[in-house]
Amino acid sequence: MNISIVGAGYVGLVTGVSLAEIGHNVVCIDTNKEKIEMLKIFKSPIYEPELEELISKNVKEGRLSFTHSYEEGFNNSNVIFIAVGTPSKENGKADLSAIENVASHISNFIKSNVIVVIKSTVPVGTNEYIKELLDKTNNSRFTIDIVSNPEFLREGSAINDIFNGDRIIIGAENNKASRVVEELYKPFNIPIFTTSIRSAEMIKYASNAFLATKISFINEISNLCEKLGANIDDVAIGMGKDKRIGNSFLNAGIGYGGSCFPKDTSALVQIAGNVDHNFMLLKSVIEVNKKQQMSLIEKAKKRFTSLKDLKIALLGLSFKPNTDDIRDAASIVISEELLNLGATVTAYDPVATKQAKKILNKNIYFTDSIEDAIKKANCVFILTEWEEIKKFDLSKLTELMIEPIVFDGRNCFTINQVSAHIIEYHSMGKESVINLN
Ligand SMILES: NC(=O)c1ccc[n+]([C@@H]2O[C@H](COP(=O)([O-])OP(=O)(O)OC[C@H]3O[C@@H](n4cnc5c(N)ncnc54)[C@H](O)[C@@H]3O)[C@@H](O)[C@H]2O)c1
Ligand SMILES: O=c1ccn([C@@H]2O[C@H](COP(=O)(O)OP(=O)(O)O[C@H]3O[C@H](CO)[C@@H](O)[C@H](O)[C@H]3O)[C@@H](O)[C@H]2O)c(=O)[nH]1
């Protein structure tokens with residue numbers, strides 16, 4: 001099939017590359033010329049395992065190309081995926097301006113009947129609204145059908161998730177359009193669930209809100225474990241053995257970040273509010289998460305009384321490992337608050353430093369190694385569970401820091417591992433280890 005993907009970001013690029021890999025002809029369109037120029041020389045603008053290899057393989061085999069021109073991009077296509085951003089506005093509502101912009105160009109350039117597939121996460125009712133917009137502005141002799149097809153990939157494992165997803169959701173207004181999209185996805189061999197457009201849109205928000213709820217729930221249990229002398233690792237394992245609960249998404253820590261959960265939970269509260277529903281549970285999930293992001297600072301304040309003039313090293317800046325994405329990462333609010341409290345902040349991340357420098361405070365000292373970040377530091381905050389951080393030789397803390405004091409926001413080490421070292425170790429939902437002599 002001839003497919004256009006509009007928006008070559010985390011979702012659009014990974015989707016485009018994967019659809020090319022299963023044999024479709026794909027052209028990715030993005031208005032960001034810099035991104036397109038990079039892609040044309042096989043460079044991925046984002047860090048995502050396996051992505052760069054698949055880009056060059058599929059371009060070389062003639063199934064994948066990139067352009068910033070709608071005219072060139074829509075020239076040959078039967079199916080147009082929209083995967084542009086839908087960021088939060090100030091009031092929490094989803095900003096649909098990028099989708100509206102794409103929709104306004106479609107009928108000018110198509111050369112046949114097309115199906116427009118909205119992959120971006122959009123509030124319930126948006127597909128219908130975009131369909132109206134497309135019909136109103138359609139000055140061609142071709143028909144434009146619309147299909148909702150929300151995406152469930154995770155950053156850091158995006159390629160693997162696309163090829164091994166749990167389900168593909170297709171919401172369509174007519175069977176003909178739905179069947180074309182089902183056919184297109186068949187080679188992935190993943191269960192397909194077809195439903196109404198509105199249900200498909202809701203499935204996406206409900207899934208993200210549920211996962212965010214699971215995280216805030218386990219974080220509250222973790223806070224209780226600290227006060228009651230239980231161990232959150234064991235509690236999560238014990239809970240997860242119940243198949244009704246399941247053992248995933250029970251990692252306690254400094255809360256969820258990233259470009260999706262914070263944005264989509266806020267949007268769902270707004271969507272509920274629009275129909276006069278007060279989504280109390282989800283509001284609490286968001287509140288718990290905000291508080292949880294500050295929990296390492298609260299622990300450090302208790303330990304040192306004042307953080308003024310302390311040198312604090314942040315290890316890990318991306319919102320999760322295996323990505324360079326900094327959007328809504330806990331590192332943003334934590335570093336800002338530490339600077340407000342008068343601390344000196346050094347920071348290290350294996351891949352996200354370039355992105356972090358664009359967003360984080362200019363007064364942070366970014367380093368090229370864990371060793372440089374922790375040298376003469378008063379304490380370390382672990383914010384992301386990168387493998388490099390989990391494998392770091394803890395005896396180097398004793399060697400390089402003023403005092404080897406660690407606040408681990410991602411439970412990278414077990415109590416047994418740290419007990420063998422001269423260290424003071426505070427983690428999430430577990431007893432602290434104070435072993436300085
Ligand atoms: N990032 C994820 O893990 C993920 C997963 C599932 C769903 N989603 C949803 O998918 C959508 C895209 O998210 P993302 O993280 O890929 O965003 P992104 O910011 O990484 O990518 C969006 C891309 O669209 C381009 N763009 C913006 N306006 C354009 C226009 N008018 N024409 C052409 N290109 C345009 C931008 O230059 C950018 O490259 C969002 O709705 C998001 O909620 C994201
Ligand atoms: O047990 C857990 C699992 C995750 N997290 C945090 O939650 C955030 C999100 O993690 P994850 O879900 O793995 O990454 P995303 O790439 O944001 O993916 C989520 O958001 C995407 C965008 O909507 C969806 O497509 C995915 O299905 C959904 O998992 C990160 O900050 C994690 O550190 C925890 O704190 N504890």
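Colleague: Is Cys260 buried or exposed?
Modeller: This is a predicted model, where local features need pLDDT of at least 70 and side-chain atom pairs count only at pLDDT 80 or more, while totals for chains, interfaces and linings use all residues. Residues are numbered from 1 along each chain as its sequence is written, and chains are lettered from A and ligands numbered from 1 in the order in which they are written. A residue is buried if 20 or more other C-beta atoms, placed from the backbone, lie within 10 Å of its own, exposed if 12 or fewer, and partly exposed in between. Cys260 has 23 such atoms within 10 Å, so Cys260 is buried.

Colleague: Which feature does UniProt place at Cys260?
Modeller: UniProt positions are in the numbering used here, feature names are shortened, and annotations may be inferred rather than shown by experiment. The unreviewed UniProt entry gives Cys260 as "active site".

Colleague: Which helix gives the largest share of the largest nonpolar core?
Modeller: A nonpolar core joins buried Ala, Val, Leu, Ile, Met, Phe, Trp, Tyr and Cys residues through C-beta atoms within 7 Å. The largest has 75 residues, with Ile5 and Val6 among those with the most contacts inside it. Helices are DSSP runs (H or I, at least four residues) numbered from the N terminus. Eight residues of this core, its largest share, come from residues 197-228, helix α9.

Colleague: Which domains does this core lie between?
Modeller: Domain bounds come from an automatic or database domain assignment. Two domains both give residues to the core, so it lies between domain 1 (2-195) and domain 2 (203-288).

Note on methods:
Helix = DSSP H or I, 4+ residues; strand = E, 2+ residues; numbered from the N terminus.
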